[in-house]
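The exercises below are to be worked with the sequence and the coordinates at hand. Each task is followed by a stepwise solution.

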Amino acid sequence: MKFFIDTANLSEIKEAYELGVLDGVTTNPSLMAKEGISGDENVRAHYKAICDIVDDNVSAEVIATDFNGIIKEGKELAKLDDKIVVKVPMIKEGVKAIKYFSSEGIRTNCTLIFGPGQAILAAKAGATYVSPFVGRLDDISYDGVDLIEQIVHIYENYGYATQVLAASIRHTMHLIRCAEIGADVATCPLKVITGLLNHPLTDAGLAQFLADHAKAAKK
Ligand code: G3P
């Protein structure tokens with residue numbers, strides 16, 4: 001399973017990268033705004049700064065919602081760095097654009113997926129990744145992980161190459177359940193990645209080992 005970090009915060013990206021388990025980064029306009037990044041030039045410079053930290057897979061989202069606009073913006077984003085994956089919303093014009101990008105060899109991440117039908121369309125259009133939003137479905141009393149399972153199953157039926165990127169992951173159990181059912185990628189906040197480290201028996205066990213070692217050294 002690939003781990004992406006879902007943030008535009010450079011120090012969090014560095015921290016996750018230094019842990020040695022990071023495979024990529026996803027951002028969106030809300031996450032960029034949270035870091036106070038605005039204006040085309042600044043946004044693009046920020047994507048470049050993210051690309052300089054990680055090895056690959058930096059999702060950069062288009063703002064345009066019409067076909068020509070998505071194509072223009074997506075091509076400009078893709079030119080910034082080979083690590084860029086153009087993030088396109090699940091709308092009619094977006095699906096057409098994904099088909100175009102796929103024929104041009106530009107990788108895409110189809111975002112804002114909330115149903116299996118949308119995931120089928122994105123796969124048929126040739127999306128590299130499809131991003132179903134787990135937490136936002138949970139927020140409205142649908143089981144977001146069920147959607148991941150459904151999409152994994154459908155993609156297996158037909159051998160679609162599109163990878164299932166579980167997004168809107170809010171806690172470690174989301175990530176673990178997505179791993180159990182075979183999601184290809186999970187993108188999550190830093191606290192979810194580092195949260196996987198924690199177990200009280202690990203802490204207690206380590207404290208005991210260190211105490212015993214210290215006791216033996218005094219003898
Ligand atoms: O990757 C999509 C993600 O940023 C949405 O997460 O927590 O805003 O639903 P959230």
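A residue is called buried when its relative accessible area is under 20%, exposed when that area is over 50%, and partly exposed in between. The model is a predicted one.

**Exercise 1. Determine which residues of helix α5 are buried, and where they lie around the helix.**

Step 1. Helix α5 covers residues 92-103. Its 12 residues reach 17 Å from the first C-alpha to the last, close to the 16 Å expected at 1.5 Å a residue.

Step 2. Applying the cut-off to α5 gives Gly-94, Val-95, Ala-97, Ile-98 and Phe-101 as buried.

Step 3. Viewed down the axis of α5, these buried residues fall within an arc of 160°, so they line one face of the helix. The general background is that an α-helix has 3.6 residues a turn, so residues three or four places apart point the same way.

Step 4. On the face of α5 turned away from the buried side are the exposed residues Lys-92, Lys-99 and Ser-103.

Step 5. The packing partners of the buried residues of α5 are α4 (67-80), β4 (84-89), β5 (108-113) and α6 (116-125). Just after α5, Gly-105 takes a positive phi of about 75°.

**Exercise 2. Characterise the surroundings of Asn-109 and the backbone of Leu-112, both in strand β5.**

Step 1. Asn-109 has a relative accessible area of 0% and is therefore buried.

Step 2. Leaving out residues up to four places away in sequence, the contacts of Asn-109 include Thr-26, Ser-59, Lys-87, Tyr-129 and Leu-165.

Step 3. Leu-112 is not a glycine, yet has a positive phi of about 65°. Its relative accessibility is 35%, so Leu-112 counts as partly exposed.

Step 4. A further non-glycine residue with positive phi, about 60°, is Asn-57. Asn-57 sits in the loop between α3 (40-53) and β3 (58-61), and at 7% relative accessibility Asn-57 counts as buried.

**Exercise 3. Find which parts of the chain are joined by the salt bridges of Arg-44, Lys-48 and Glu-61.**

Step 1. Salt bridges are counted here when a side-chain nitrogen of Lys or Arg is within 4 Å of a carboxyl oxygen of Asp or Glu. By this rule the chain has 8 salt bridges.

Step 2. Arg-44 and Glu-76 pair at 2.8 Å, N to O. Arg-44 is in helix α3 and Glu-76 in helix α4, 32 residues apart. Arg-44 is buried at 18% relative accessible area, whereas Glu-76 is partly exposed at 28%. Both belong to a salt-bridge network that also holds Lys-72.

Step 3. Lys-48 and Asp-81 pair at 2.7 Å, N to O. Because Lys-48 lies in helix α3 and Asp-81 in the loop between α4 and β4, this pair ties together parts 33 residues apart in sequence. Lys-48 is partly exposed, at 31%, and Asp-81 is buried, at 13%.

Step 4. Glu-61 and Lys-87 pair at 3.8 Å, N to O. Glu-61 is in strand β3 and Lys-87 in strand β4, so the pair ties together parts 26 residues apart in sequence. Both Glu-61 and Lys-87 are buried.

**Exercise 4. Describe the chain as a whole, then the nonpolar surface patch that contains Met-173.**

Step 1. The chain contains 11 helices and 8 strands, and 46% of its 219 residues count as buried.

Step 2. The accessible surface comes to about 11200 Å², with 54% of it belonging to carbon and sulfur atoms.

Step 3. Met-173, Ile-176 and Leu-196 form the patch, with about 230 Å² of accessible area together. Met-173 lies in helix α9 (residues 172-180) and, at 45% relative accessibility, counts as partly exposed.

Technical notes:
Residues are numbered from 1 along each chain as its sequence is written. This is a predicted model: local features need pLDDT of at least 70, side-chain atom pairs count only at pLDDT 80 or more; totals for chains, interfaces and linings use all residues. Side-chain values use heavy atoms; hydrogens and water are left out. Patches are made of residues with over 30% relative accessible area and no salt bridge: like charges are joined within 9 Å, nonpolar side chains (Val, Leu, Ile, Met, Phe, Trp, Tyr) within 5 Å. Accessible areas come from the Shrake-Rupley method with a 1.4 Å probe; for residues, only the protein chains shown count as cover. Helices (H or I, at least four residues) and strands (E, at least two) are DSSP runs, numbered from the N terminus. Buried means under 20% relative accessible area, exposed over 50%, partly exposed in between (1.4 Å probe, protein chains only). The expected span of a helix is 1.5 Å times one less than its number of residues. The arc is that of the directions from the helix axis to the C-beta atoms. Contact means heavy atoms within 4.5 Å.
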